[in-house]
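Hi there,

Here is the structure I promised to pass on, with my notes below it. Have a look at it first, then read on when you have a moment.

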Amino acid sequence: MKSDKFYVATVASDAADVAEEYELGIEIDEFCTASNMDDENFKELDLSVRKKMKISHSHIFHAPFNELFPAAVDPLAIKLANKRFEQSFHLAGSYGIKRMVVHSGYVPVLYFKSWFQEKSVEFWQKFMSSKTDDFHIMIENVLEDEPYTLAKIIEGIKDKRVSACLDIGHAHCKSDVDLLEWIEVLGPFLGHVHLHNNDKTYDCHWPLGNGSMDMNKIMEALKKNSPENITFTVENQECRESIQWLDENGWLKK
């Protein structure tokens, strides 16, 4: 039942077992904390990642995000973001991974959206200018309260290697804009989706069958509005329940 569309995030304690059982891809989360790429933990984590990759047919790399702000006002903060993303690019390459998720870095109140849009386009255009033709990034919403700014950023970058990663859990609890509107606005720009549920009060990363989101309705909207080659990662602390939900509702086979 090999699926080319669905992945499980390795933040889940059962990610490797579930990926092997259901023949899914995996999204590497071990380096979401940037220091894991360069401290004494790296060797152990590297071995763990390579072991997990052996049981999975396809892979995505999730870049670090803590204190990384591509549209920062301080030039030194931009240099730090670029350094960590470059480090991520090279590490992903060492694993043979060509797709990388990056957080947008948007912070409400701190950034005017016009500034954030302009500086984000500038940062990612420069970052991608030195990358190979087969390397792709997907920019993920986190604290955004609407989908329009991210859509304008992707459109402004004007690079087929750059798409959006819609995190529906983030959108649900951080925005009053209906999720179907998020999907309609970002749909043409989507390359990837993060799947998890919550009760709209907190980013709980609950299984898909729990929470206040109608996941079948969301999946139908994504199927209708997104490119055919879109992919999905389930992001839970334990992912089996969500994968079973996707299987029982027929989504793993669609």
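A nonpolar core here means a set of buried Ala, Val, Leu, Ile, Met, Phe, Trp, Tyr and Cys residues joined through side-chain atoms within 4.5 Å. Buried stands for under 20% relative accessible area, exposed for over 50%, and partly exposed for anything in between (1.4 Å probe, protein chains only).

Please keep in mind that this is a predicted model: local features need pLDDT of at least 70 and side-chain atom pairs count only at pLDDT 80 or more, while totals for chains, interfaces and linings use all residues. Residues are numbered from 1 along each chain as its sequence is written, and side-chain values use heavy atoms, with hydrogens and water left out.

**The cores**

Which residues touch the most other members of the largest nonpolar core? They are Phe 127 and Leu 246, in a core of 75 residues. Helix H4 gives the most to this core, with 6 residues. (Helices, H or I with at least four residues, and strands, E with at least two, are DSSP runs numbered from the N terminus.) There is also a second, separate core of 5 residues, which includes Tyr 7, Val 101, Met 138 and Cys 165. As a general point, nonpolar side chains in soluble globular proteins tend to be buried together.

Contact, in what follows, means heavy atoms within 4.5 Å. Not counting residues up to four places away in sequence, Phe 127 touches Asn 82, Phe 85, Glu 86, Phe 89, Met 100, Phe 135 and Ile 137.

Phe 85, one of those partners, lies in helix H3 (residues 75-94). It is buried, with a relative accessible area of 1%. Leaving aside neighbours within four places in sequence, the contacts of Phe 85 include Ala 63, Pro 64, Leu 68, Met 100, Phe 123, Trp 124 and Phe 127.

**H4 against H5**

Helix H4 (residues 113-128) packs with helix H5 (residues 148-157) at an angle of about 35 degrees, and their axes are 9 Å apart. Those axes are lines fitted to C-alpha atoms, for helices over the stretch in contact, and angles run from 0 to 180 degrees between N-to-C directions. On the H4 side, Lys 113, Phe 116, Gln 117, Ser 120, Val 121, Trp 124 and Gln 125 take part, meeting Thr 149, Lys 152, Ile 153, Gly 156 and Ile 157 of H5. By class, this contact has 5 nonpolar, 5 polar and 2 charged residues. Ala, Val, Leu, Ile, Met, Phe, Trp, Tyr, Cys and Pro count as nonpolar, Asp, Glu, Lys and Arg as charged, and the others, Gly among them, as polar.

After H5, Lys 158 sits in the loop leading to strand S6 (162-167). Lys 158 is exposed, at 71% relative accessibility, and has a positive phi near 55 degrees although it is a residue other than glycine.

**Around H1**

Where do the buried residues of helix H1 (residues 15-22) point? Ala 15, Val 18, Ala 19 and Tyr 22 are the buried ones. They are on the same side of H1 because they cover an arc of only 100 degrees around the axis, taken from the directions from the helix axis to the C-beta atoms. Their cover includes strand S1 (6-9), strand S2 (25-28) and helix H9 (240-248).

Just after H1, Glu 23 has a positive phi of about 55 degrees. Leu 24 follows in the loop between H1 and S2, and is buried at 1% relative accessibility. Beyond residues up to four places away in sequence, Leu 24 touches several others, including Val 18 and Ala 19 of the buried H1 set, as well as Phe 6, Val 8 and Ile 243.

**H8 and the loop before it**

Leu 222 belongs to helix H8 (residues 215-225) and is buried, at 0% relative accessibility. Neighbours within four places aside, Leu 222 is in contact with Leu 166, Ile 183, Leu 190, Val 193 and Phe 232. His 205, in the loop between strand S7 (190-195) and H8, is not a glycine but has a positive phi of about 55 degrees.

Best wishes
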